[in-house]
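Student: I am new to this structure and would like to learn about its open and enclosed spaces. Could you walk me through them?

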Amino acid sequence: MIISVVATRPNFIKMAPVIEQLKINKINNFFVHTGQHYDDNMSDYFFEDLMLPTPDHFMNIKSGSHAEQTAEVIVKFEKLCLKLKPKLIIVAGDVNSTLSCALAAVKLNIPIAHIESGLRSFDPKMPEEVNRILTDQISDLLFVTEKSAIKNLENENVPSDKIYFVGNCMIDSLIKNKLKIIENLAVKKYNLEQKDFCMVTLHRPSNVDNRNNLLKLVELLHQISKICEVVFPIHPRTKKMLSRFQINLSKDIKLLDPLSYFEFLKLVSNSKFVLTDSGGIQEETTYLGIQCITLRKNTERPITVQEGTNKVVGTDKENIIIEINNVLGSKISKEAKIKYWDGETSNRIFQILFD
Ligand code: UD1
């Protein structure tokens with residue numbers, strides 16, 4: 001038996017094609033959801049869209065401080081591993097649950113496969129950066145999405161024979177679901193037909209957990225709403241912080257609950273540009289050829305800047321407005337062709353794990 005783990009929205013998207021490969025090939029896979037994301041619109045709707053099976057085990061950890069969340073998953077996952085004695089665990093990405101499960105497994109001498117290894121923002125203040133570095137140090141099979149990740153791992157003395165350049169599982173999901181995304185009715189549903197609009201997502205602690213930073217970003221959104229329609233599916237963390245800091249959004253912003261996978265990507269595909277502090281959305285926009293303006297000082301995904309449509313602009317309002325005007329004045333970009341972002345990544349991972 002092996003155990004595969006999901007925890008949050010981006011994990012579901014990355015793991016879905018891998019879970020499918022395991023199922024097709026009749027691998028005895030015990031599927032665990034830690035419950036770090038638990039709302040219908042952060043979790044259940046993704047299971048439906050991505051046709052993920054019902055988890056064999058749901059930990060229901062929900063929220064908490066980093067220590068609480070991380071510790072609770074370690075304790076629960078260790079118990080599960082002691083009971084099931086898996087031959088391998090598969091984790092993805094950089095969230096707290098990823099590191100927790102890897103930590104529990106390594107001390108029981110269970111091999112760890114890490115999907116999306118080696119990405120580095122070089123910003124140790126990002127919780128995800130800590131999770132990435134530590135998970136990679138204790139993993140046995142490190143699956144990377146882009147070449148920069150190989151270099152990062154080698155610089156951290158990870159032996160080369162543990163590193164596999166396989167491509168991007170998130171893009172596997174996108175390619176597999178392309179038709180359903182094209183056919184999705186979200187543009188009509190949200191009254192965006194014939195309109196120039198941008199999509200906004202914000203949830204990084206550095207942007208939303210500090211009142212001043214969040215206020216500045218909200219002022220920016222108000223300014224942008226004078227240029228084009230701003231569609232803002234709001235992350236629960238950001239919603240909570242807006243309310244805590246008593247910051248009000250103008251009615252000119254189209255504020256939505258978090259969208260399903262298909263609805264979100266339909267709107268992104270039809271948008272003029274995307275403003276985001278997410279990691280994965282930088283990759284999806286690159287694949288789709290939609291201009292992405294990343295509201296961070298760095299990116300752990302440099303290929304999206306080099307060969308794609310991503311501009312990492314920080315959070316200075318003037319710079320962002322200049323960039324938006326550049327984007328609005330430029331020609332429509334083309335989908336980037338990045339090595340192994342081809343819909344076959346989960347297949348490559350399967351071959352490496354089980355051949
Ligand atoms: C987490 C990941 C981040 C990832 C993001 C994707 C960590 C450290 N962070 O950040 O890397 O990019 O997910 O969204 O693991 N909440 C709800 N409902 C939910 C989920 C969360 O209300 O379904 C609330 C939580 O209670 C918490 C807040 O949102 O108060 C943040 O959730 P949390 O899991 O701590 O981190 P994210 O900001 O979502």
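Tutor: Gladly! A residue counts as near a molecule if one of its heavy atoms lies within 4 Å of it. Keep in mind that this is a predicted model.

Student: How many residues surround the ligand, and which are the closest?

Tutor: With that 4 Å cut-off in hand, we can look at the shell around the ligand. The shell holds 19 residues. The closest of them are Gln-36, His-37, Glu-128, Arg-237 and Lys-240.

Student: Which element gives the most to the shell around the ligand?

Tutor: Let us start with the elements that give two or more residues to this shell, which are H3 and H12. H3 is the helix of residues 66-84, and H12 is the helix of residues 236-244. The element that gives the most, with three residues, is H12.

Student: How do the residues of the shell around the ligand divide into nonpolar, polar and charged?

Tutor: Sorting the shell by class gives us three groups. Five residues are nonpolar and six are charged. The polar group has eight residues.

Student: How far from an oxygen atom of the ligand is a polar side-chain atom of Lys-240?

Tutor: Here we look at pairs of N or O atoms within 3.5 Å. For His-203, a polar side-chain atom lies 3.0 Å from an oxygen atom of the ligand, and for Arg-237 the distance is 2.6 Å. For Lys-240, the value is 2.2 Å.

Student: How much of the accessible area of the ligand does the protein cover?

Tutor: Take the ligand on its own to begin with: its accessible area is 740 Å². The part of this area that the protein covers is 90%.

Student: Which space does the ligand take, and what is the volume of that space?

Tutor: The ligand takes the space of the largest pocket. This pocket is lined by 48 residues, and those closest to its centre are His-37, Met-42, His-203, His-235 and Arg-237. The lining divides into 18 nonpolar, 16 polar and 14 charged residues. The volume of the largest pocket is about 1,200 Å³.

Student: Which elements give two or more residues to the lining of the second largest pocket?

Tutor: The second largest pocket holds about 420 Å³ of space. Its lining has 16 residues, and Asp-123, Ser-206, Asn-207, Asn-213 and Lys-297 lie nearest its centre. The elements that give two or more residues to this lining are helix H10 (205-208) and helix H11 (211-224).

Student: What about cavities: which element gives the most to the lining of the largest cavity?

Tutor: The structure holds two cavities of 30 Å³ or more, and the largest has a volume of about 70 Å³. Its lining is made of Ala-16, Pro-17, Glu-20, Asp-49, Leu-50, Ser-173, Lys-176 and Asn-177. H1, H2 and helix H7 (169-176) each give two or more residues to this lining. The most, three residues, come from H1.

Student: Which elements each supply at least two residues of the lining of the second largest cavity?

Tutor: About 40 Å³ of space lies in the second largest cavity. It is lined by Lys-14, Ile-115, Glu-116, Thr-145, Asn-168, Cys-169, Met-170 and Glu-283. By class, these are three nonpolar, two polar and three charged residues. The elements that each supply at least two of them are strand E5 (112-117) and H7.

Methods
Residues are numbered from 1 along each chain as its sequence is written. This is a predicted model: local features need pLDDT of at least 70, side-chain atom pairs count only at pLDDT 80 or more; totals for chains, interfaces and linings use all residues. Side-chain values use heavy atoms; hydrogens and water are left out. On a 1 Å grid over the protein atoms alone, a cavity is a set of points where a 1.4 Å probe fits but cannot get out, and a pocket is an open set with protein on both sides within 12 Å along at least five of seven lines; lining residues have an atom within 4 Å of a point. Grid points are joined across faces, edges and corners, and a volume is the space filled by probe spheres set on the points. Helices (H or I, at least four residues) and strands (E, at least two) are DSSP runs, numbered from the N terminus. Ala, Val, Leu, Ile, Met, Phe, Trp, Tyr, Cys and Pro count as nonpolar, Asp, Glu, Lys and Arg as charged, and the others, Gly among them, as polar. A polar contact is a pair of N or O atoms within 3.5 Å; within protein, one must be able to donate a hydrogen and the other to accept it, and residues adjacent in sequence count only if both atoms are side-chain atoms. Accessible areas come from the Shrake-Rupley method with a 1.4 Å probe; for residues, only the protein chains shown count as cover. A molecule sits in a cavity or pocket if more than half of its atoms lie within 2 Å of its grid points.
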